[in-house]
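Subject: A structure for you to look at

Hello,

I am passing on the structure that we talked about, and I would be glad if you could look through it before reading my notes underneath. Please keep the model open beside the text as you read.

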Amino acid sequence: MEQRKRHCWECLRRSLVCDFTQPECKRCIKSGTPCPGYGEKEPLRLNWLAPGKVKSRTRARKTKDSGHGCKEPVITINDRAKNPDFLIIPRGCFKVNADAIFDAVDYYNSAMHPVLVGNVVGNHPFVYKIQPAHIHAGVARPDYLRLEIVCMALNHRIHSSKDPAYAQSLAPTYYHFRGLILRSLNAAMANEKTRKKYINFLMAGILSLLLADAHQGISLHWRFHLQGIQQLIALRGGLRALAGPGVEPLLLCYAYVTVLGDTSSPAHDLTMSTTLLAELDAILDDYGDKPYTFYPFPISLFAATVRINHLRARATALRPILPPTSDLKTEATEVLTTIQSFNPTTYAASRPPKSRPDWILLAQTIQSAVTIYCISSLQSVEILPYSPPLQSCKTTARQTLHTLLSKSLPTARFGTSVLWALVVLGVDAVHDSPSMRAFVSESLGPLSRAQGSYVPRMAREFLERFWASGRTDWDGCFDRPYALAMQWTVSRHGLR
C-alpha cells in the first residue's frame, strides 16, 4: 500500500494543497516563501525584522486605510528574508499570539515613536525605538510585561483614528489583552516567592497597566492599581528601600502619577500622606538634578505641588469640626511665595542654547498653572482667603497662562507637556469669559486625537460639566479622582 504523502509545513500552516516536490515544494517557491520542508517536527521559528519593515503575517494583506488617511503598504516574505535584522525566536516562548506583539512593535516604531519624540523639548532619555534586541530579551518576561506594548498600540490606534467604527472594532481586542495582563499579574501576586523576588517587575507591570487604563479611559481603575503599588512599596519597606539598579524610572513615574492625580481629585479623596510626603522629599533630593526627573515640571514647582496636595489633605482632615490652623495658612503663604520667586530664565540657563527658549516658555507655563492651582485649591479648603490681592494675583496668572498656551499649543513638541496646565486654565476659566472656556474645550479635542489618548477628551468632559454646574470652587470640578498623566509607559531598562 502506497504511503500517504506529507504536506510541507508551510502549506499545512496556510491550509493549502502542497505539490509534494522535494526538497522544496513549488507552491512555496512560486509565492516567494522559504519552504520549511517535510520533517517530522514542525520548525519552531519566527521571522522578525526591524520596525516598519513587516506586518508579521506571511500572506499579503489587503491594502486598507489605517484611520490616519494613509494606506498601509503590503510587505512580502522576500522583503522580510532580505532584512539584516532577521532574528529567530521560538514561537513556543510566547503564550499568546506573537503576531499581535510584533504588529504592536511595528506600529509603535512607525506611528507612536515619531509623535513621542516630537512631544518633548530636547532629547528625552526614555523615548526610543524598540529594537530587535529588546524583543529578544522580552521573550523571558512574563505576559504582564510582554503584552504592555500591545495595549499601548491598541490604545493609540483607537483614539487617533478618525473612523469611529474602526476604533470601536479594536476595543474588544484591547480588553482581551488587558485581561491576559491582569491574569498574569494576579498569578504573580498570588505566589509569595515570585512576589518578593520580582517585586520591581510587578511594580513596572502595574504602573504600565495603570497608564494603559488611563489612556483608554478606564479611569475608575487607576486608584486600585495605585493601591497595589503602594502595598508592594510597603512590602519592601518604603520608597527609600526600593533604591537599586533600574528602579529610578519606577519611582519617578509612581511619584508623578500620584502627585498629578491628587491635583485632579476631590480634597477628601487624596492619596497623599505624611509618610509619602517625606519619602517624596527623598526622591527629590536624589533625582532632582536631572532635567527630565518630573518633566515638564521644574523640580521646585513639582515640590511646591506636593506641598499643596499635602496642605489640602491636612485641611480636609480638620473639616468640618475645626477650621484650618494658622500653621497651615502660614505654610500656604510660604508655598505661594516660593512659586512666585521661581525664575524660568535662570532655570533654562543650563539647557542647550538652541532649546533654551522652549524651556523658558514651558517653565513659564507651568509656573502660571501652579500659581493658579495653589490659590484656587487652597481657597477651596479655606486655607487661603478670597481676598482682593489673591484674586488679582490669580487673574493675572490666568491671563498669562492663556497667552502662553496660545503660543505653545500650536507647536507639536508642547502637546502632552502642557495638558495639565491647560486643565488648570479650564478650571479657573469658570471665572472668565466664554471665549476662554471655548479655547480650552477646542484645544482638548484635537489634542486627544493627536496624542492617541482618551485623557484630553476626558478632561474636556469633566470641565464642561463643571462649567454648567454653577459651582466655581476647585473641588467643585472633581467629583472623583481623575488621572491626567500623559506618560505612556515606564522604562524597565536595567531593572533586576
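Pro23 sits in the loop that runs between helix H1 (9-13) and helix H2 (26-31), and in this predicted model the peptide bond leading from Gln22 to Pro23 is cis, with omega near 0°. That deserves a second look, since most peptide bonds are trans, and most residues other than glycine have a negative phi. The loop between H1 and H2 also holds Phe20, which is not a glycine and yet has a positive phi of about 65°. Is Phe20 buried or exposed, or does it fall in between? Phe20 counts as partly exposed, because its relative accessibility is 26%, and the partly exposed class lies between the 20% and 50% limits.

Another positive phi belongs to Glu382, a residue other than glycine, where the angle is near 70°. Glu382 is found in the loop between helix H17 (356-380) and helix H18 (388-408), and because its relative accessible area is 48%, Glu382 is partly exposed as well.

Turning to the chain as a whole, you will find 21 helices and two strands. Of its 496 residues, 55% count as buried, while the chain exposes about 22,700 Å², of which carbon and sulfur atoms supply 54%. If you consider the contacts with a separation of 6 or more, 72% of them are between residues 24 or more positions apart.

You may wonder about the cysteines, and how many disulfides the structure holds. A disulfide is a covalent bond between the sulfur atoms of two cysteines, and the structure holds zero of them. Cys151 counts as buried because its relative accessibility is 1%, and Cys477 likewise counts as buried because its value is 4%, both figures being under the 20% limit.

Finally, a word on how far to trust the coordinates. The chain averages a pLDDT of 80, and 81% of the residues score at least 70, but over residues 45-96 the pLDDT stays under 50. For that stretch the model has 107 contacts beyond four places in sequence. Where pLDDT is low, the predicted coordinates should not be read in detail, so please treat the contacts of residues 45-96 with care when you go through the model.

Best wishes

Technical notes: Residues are numbered from 1 along each chain as its sequence is written. This is a predicted model: local features need pLDDT of at least 70, side-chain atom pairs count only at pLDDT 80 or more; totals for chains, interfaces and linings use all residues. Side-chain values use heavy atoms; hydrogens and water are left out. Helices (H or I, at least four residues) and strands (E, at least two) are DSSP runs, numbered from the N terminus. Buried means under 20% relative accessible area, exposed over 50%, partly exposed in between (1.4 Å probe, protein chains only). Contact means heavy atoms within 4.5 Å. Accessible areas come from the Shrake-Rupley method with a 1.4 Å probe; for residues, only the protein chains shown count as cover. A disulfide is a pair of cysteine sulfur atoms within 2.5 Å. pLDDT is the predictor's confidence in each residue, from 0 to 100.
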